[in-house]
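Colleague: Could you walk me through this model and show how each label is earned?

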Amino acid sequence: MFPWKSILKFSRESTKPIYLQLADAIIKSIHEGHLFPGQKLPGARVLGDLLNLNRKTVTAALEELSSQGWVESYEWKGTFVSNKLPELKYKPLHNTGFREAVGETGRKVNKFRFLESLYLDYTNVRLIDDGVPDVRLSPLDTLYAYHRSILSKNAFSALLKYNHIEGDLDLRMTLTSYLHTTRGIVTDHQNIFITRGSQMAIYITVTALLKKGDYCITSLPGYQIVDNIINHSGGKVAHVAVDNEGIDVGEVDEICKKKKVRLLYITPHHHYPTTVRLSPKRRIELLQLAIKHNFYILEDDYDYDLHYDNSPLLPLASLNKDGRVIYIGSFSKCLSPSVRVGYFVAPKEIMEAANKLRRIIDRQGDPLLERAVSEFIKSGDLDRHLKKTVRIYKHRRDYFCALLQSNFSEYLSFIQPEGGMSVWLVFKNAEMLKNLPDKLLKQGYLLETDNIFIERFNGVRIGFASLNDVEMDKFIETVKHILD
Ligand SMILES: Cc1ncc(COP(=O)(O)O)c(C=O)c1O
């Protein structure tokens with residue numbers, strides 16, 4: 001008797017349906033030669049009895065195998081391992097031609113100056129990020145429950161087909177009222193474009209707006225990758241400095257007097273990387289300058305939802321009377337960076353250009369995920385999650401800042417951020433900071449930071465939100481050991 005039970009293994013604890021596990025086990029047995037072409041398989045009832053499975057489960061497995069070409073069924077005869085099997089062995093791919101390019105690649109993209117952390121294997125290091133959520137708190141099970149329930153309803157089958165390039169209509173409608181109630185932004189779903197995160201939103205809007213040689217203003221220190229996007233789009237970058245009121249608006253005016261500026265990129269809620277909030281006075285001045293010099297403001301509001309001490313200032317986009325502000329938001333920081341849903345709000349002309357641009361690289365986003373996010377917002381789950389995490393992150397900010405203050409005040413200075421997920425530290429001794437990433441790496445910590453912050457500003461941005469108290473204690477102890 002063939003040892004079906006010991007060969008066809010499956011686990012009732014697995015999340016994979018049993019009929020698929022059984023189909024996989026039969027394929028594996030064929031691969032390993034336990035089952036061979038032409039061999040007759042027991043009927044569904046017999047195999048079910050042997051394996052303690054319902055007959056319907058076995059039938060579903062055999063149907064799956066039949067649809068893949070592994071078995072053939074004949075009325076009155078039974079089911080047999082197919083004589084013409086799909087590919088039996090995975091052959092190692094040698095000399096595929098994919099290893100070496102014959103010539104050079106075309107357009108060059110500047111290297112981003114982050115440490116090469118993105119390419120490292122994290123198994124043996126603990127990442128110290130520059131401000132990302134604690135994904136252990138992310139309500140992804142609830143979000144994906146919406147996803148599943150959408151999938152199971154026939155009414156939503158249209159979502160499985162090609163959809164709007166600018167994103168799911170339902171999410172755009174939901175965002176229309178969400179942006180109004182939470183941020184005072186008055187807009188219409190026709191002016192909302194859903195992207196896969198704010199990174200894509202920045203890329204699309206910058207590329208849509210720039211002509212070769214156009215100037216864009218960004219800050220230094222700043223979110224360096226935007227400079228890369230500007231250069232990549234044929235634009236030129238002019239930098240302005242940042243102080244404790246935000247970007248230097250006087251410098252913006254000076255640059256605009258000398259150069260034709262098309263766009264200004266800004267993170268006014270909490271400046272990246274310094275976490276400073278753009279003062280109300282400078283906000284007004286900036287909007288006036290945009291009209292005076294005829295440029296667009298790209299407002300990247302990546303962490304608006306995370307504010308701890310007082311009510312946040314409303315975004316510049318809420319004062320947008322002249323179509324000058326393009327507003328960018330994302331669910332990466334309030335849910336998880338793995339939820340690739342972001343958006344921008346822009347005038348009609350930019351929407352049209354963006355539509356064509358996106359179509360070149362991405363037919364559309366992920367309509368199912370976008371609809372799930374929409375349901376997540378409408379049900380109040382997002383509000384509840386934010387209330388919970390803001391409380392936790394506020395505690396973590398206070399705890400982290402207290403640790404910094406009591407352990408390192410002689411080495412560095414910092415201002416407690418009003419919100420967000422990170423603290424900007426400025427070291428008194430440049431050498432001390434320069435050596436820190438390498439020394440931390442030896443202790444198992446990978447500091448994810450832009451080198452330019454260290455080299456030019458003696459600064460480093462460290463995220464507190466993803467660390468709990470115990471993890472912070474350990475990290476601070478390690479840093480103290482190194483610095484002392
Ligand atoms: C200032 C800023 N903007 C945009 C992004 C991109 O975020 P995402 O594409 O995940 O929304 C980040 C990511 O860390 C960021 O720090």
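Colleague: How far apart do the end C-alpha atoms of residues 16-84 lie, and what share of the span is helix and strand?

Modeller: The end C-alpha atoms are 28 Å apart, and the span is 52% helix and 14% strand. Helices here are DSSP runs of H or I with at least four residues, strands are runs of E with at least two, and both are numbered from the N terminus. In an unreviewed entry, UniProt lists residues 16-84 as "domain: HTH gntR-type"; such annotations may be inferred rather than shown by experiment. This is a predicted model, where local features need pLDDT of at least 70, side-chain atom pairs count only at pLDDT 80 or more, and totals for chains, interfaces and linings use all residues. Residues are numbered from 1 along each chain as its sequence is written, and side-chain values use heavy atoms, leaving out hydrogens and water.

Colleague: What makes β2 and β3 a pair?

Modeller: Two strands pair if DSSP finds at least two bridges between them. β2 and β3 (residues 78-81) have four bridges, in the antiparallel sense, so they qualify. E72 stands opposite F80 in β3.

Colleague: Why are β1 and β2 at the edges?

Modeller: The open antiparallel sheet has the order β1-β3-β2. β1 (40-41) and β2 (71-74) each have a single partner strand, so one side of each lacks a neighbour in the sheet.

Colleague: Which strands form the sheet that includes β14?

Modeller: Three strands make an open antiparallel sheet in the order β14-β15-β17. Its edge strands are β14 (412-414) and β17 (459-463), each pairing on one side only. β14 and β15 (residues 422-427) share three bridges, so they pass the pairing test too. F414 has L425 in β15 as its bridge partner.

Colleague: Which residues surround the ligand?

Modeller: The shell includes S198, Q199, S330 and R340. A residue belongs there if one of its heavy atoms lies within 4 Å of the ligand.

Colleague: How do you know that S330 makes a polar contact with the ligand?

Modeller: A polar contact is a pair of N or O atoms within 3.5 Å; within protein, one must be able to donate a hydrogen and the other to accept it, and residues adjacent in sequence count only if both atoms are side-chain atoms. A ligand oxygen is 2.6 Å from an N or O atom in the side chain of S330, so the pair qualifies. For the side chain of S198 the value is 2.7 Å, and for a polar backbone atom of Q199 it is 2.9 Å.
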